[in-house]
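Dear colleague,

Please find below the structure that I am handing over to you. My findings follow it, arranged by topic.

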Amino acid sequence: MATALLVVLGLALLGADGGAGADSRISTSVVVENSTTRLTCTLNDSNVQILGHRWMKGDKVLQEDTEPGLTMQYEVDIDKRAGQYFCVFLPEPVGRASVNVEGPPKVNAVKKSEQATEREEVVLVCKSESFPPISSWEWYKISDAGDQVLTNNSQDRIFVVSTETKTELHIRDLDLKVDSGQYICNGTSAQGSGQAVITLRVRSHLAALWPFLGIVAEVLVLVTIIFIYEKRRKPDEVLDGEWPSDLGAPAVGGLGPGTIQECGLKRALCG
């Protein structure tokens, strides 16, 4: 009795047996047991040998095997079950059906943290593969004064592009002080709402120059150290053509106290 109720609940969640694009030869069911949901596809008949099975959600392959058989199953967590699944009997022309599992939308940020440079453009993206699909997307910017709604008409620099499975927030001519912060993307369907938060960090347009300026500063410091070291290492060194002050002024005519000629004369007389 309990199993029958679960199958009934599964078919109710499924909405329609196989959903859109179902193969008439494939029967499907959804059974909820505790915290898991089991999806089952059964191929009634086939003239081609089954070479394997593949489960997909959207364009993503969830599971694949090379086992023969006319029945295939897949289990999903109850919190992640909502969405449109596809069961494929391999080789693919053999049979393919969709299994629609209804539930509240699960919204995911493509990147939870984004960095950009001021005066440039940034694109924040959120996705959802829930079923039924998102019917309305909204963007907010968190602020101390309250969440600010962002739409195509809110500012000239901001515009939103959305589909059933994805929404994009485009911000042009980024401002370092105004645009930095946290943004919320909220998706609503017939089963409820879901949201995700993205943190945007805007860098100064001079940020790219900091490494170069750091190298220049290091070179200047190194040159200064070398200059000071050389000055202190040879404080008494006499430059070419300069007369030492402690020997007195040279005599006119080249002969006088301390001159080279005087020293030579003394050596001659004393020798």
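**Backbone features in the loops**

Asparagine 34 lies in the loop that joins strand S1 (26–33) and strand S2 (36–43). Before going further, please note that this is a predicted model. Although asparagine 34 is not a glycine, its phi is positive, at about 55 degrees. The residue is exposed, because its relative accessible area of 77% is over the 50% cut-off.

A second residue of this kind is arginine 119, which is likewise not a glycine and has a positive phi of about 80 degrees. Arginine 119 sits in the loop between strand S9 (113–117) and S10. With 58% relative accessibility, arginine 119 counts as exposed.

Two cis peptide bonds also deserve mention. One runs from leucine 90 to proline 91, with omega near -5 degrees, and proline 91 belongs to the loop between S6 and S7. Another runs from phenylalanine 131 to proline 132, with omega near 0 degrees; proline 132 is in the loop between S10 and S11.

**Two open sheets**

One open sheet has 4 strands in the order S4-S3-S6-S7, and their pairing is antiparallel. Its edges are strand S4 (60–65) and strand S7 (95–101); each has a single partner strand, so one side of each has no neighbour in the sheet. On average, neighbouring strands of this sheet are turned by 20 degrees against each other, with direction ignored. Within the sheet, strand S3 (residues 52–57) pairs with strand S6 (residues 83–90) in the antiparallel sense over 6 bridges. Here methionine 56 stands opposite phenylalanine 86 of S6.

Another open sheet of 4 strands, also with antiparallel pairing, follows the order S8-S10-S14-S13. Which strands stand at its edges? They are strand S8 (108–109) and strand S13 (158–162), and because each has a single partner strand, one side of each is left without a neighbour in the sheet. Strand S10 (residues 122–127) and strand S14 (residues 166–171) form an antiparallel pair over 6 bridges. Lysine 127 has lysine 166, in S14, as its bridge partner.

**The largest nonpolar core**

In soluble globular proteins, nonpolar side chains tend to be buried together. In this model, the largest nonpolar core holds 21 residues, of which Cys126, Trp139, Leu169, Ile171 and Tyr183 touch the most other members. Two or more residues each come from S10, strand S11 (136–141), S13, S14, strand S15 (181–189) and strand S16 (192–203). The largest share, 4 residues, is given by S16. Strands S10, S14 and S13, which contribute to this core, are also part of the sheet with the order S8-S10-S14-S13.

**A nonpolar patch on the surface**

Ile215, Val219 and Val223 make a nonpolar surface patch of about 270 Å². Valine 219 is located in helix H2 (residues 210–233). Is valine 219 exposed or partly exposed? Its relative accessibility is 45%, so valine 219 counts as partly exposed; the partly exposed class lies between the cut-offs of 20% and 50%.

Yours sincerely

How values were computed
Residues are numbered from 1 along each chain as its sequence is written. This is a predicted model: local features need pLDDT of at least 70, side-chain atom pairs count only at pLDDT 80 or more; totals for chains, interfaces and linings use all residues. Side-chain values use heavy atoms; hydrogens and water are left out. Two strands pair if DSSP finds at least two bridges between them. Axes are lines fitted to C-alpha atoms, for helices over the stretch in contact, and angles run from 0 to 180 degrees between N-to-C directions. Patches are made of residues with over 30% relative accessible area and no salt bridge: like charges are joined within 9 Å, nonpolar side chains (Val, Leu, Ile, Met, Phe, Trp, Tyr) within 5 Å. Accessible areas come from the Shrake-Rupley method with a 1.4 Å probe; for residues, only the protein chains shown count as cover. A salt bridge is a side-chain nitrogen of Lys or Arg within 4 Å of a carboxyl oxygen of Asp or Glu. Buried means under 20% relative accessible area, exposed over 50%, partly exposed in between (1.4 Å probe, protein chains only). A nonpolar core is a set of buried Ala, Val, Leu, Ile, Met, Phe, Trp, Tyr and Cys residues joined through side-chain atoms within 4.5 Å.
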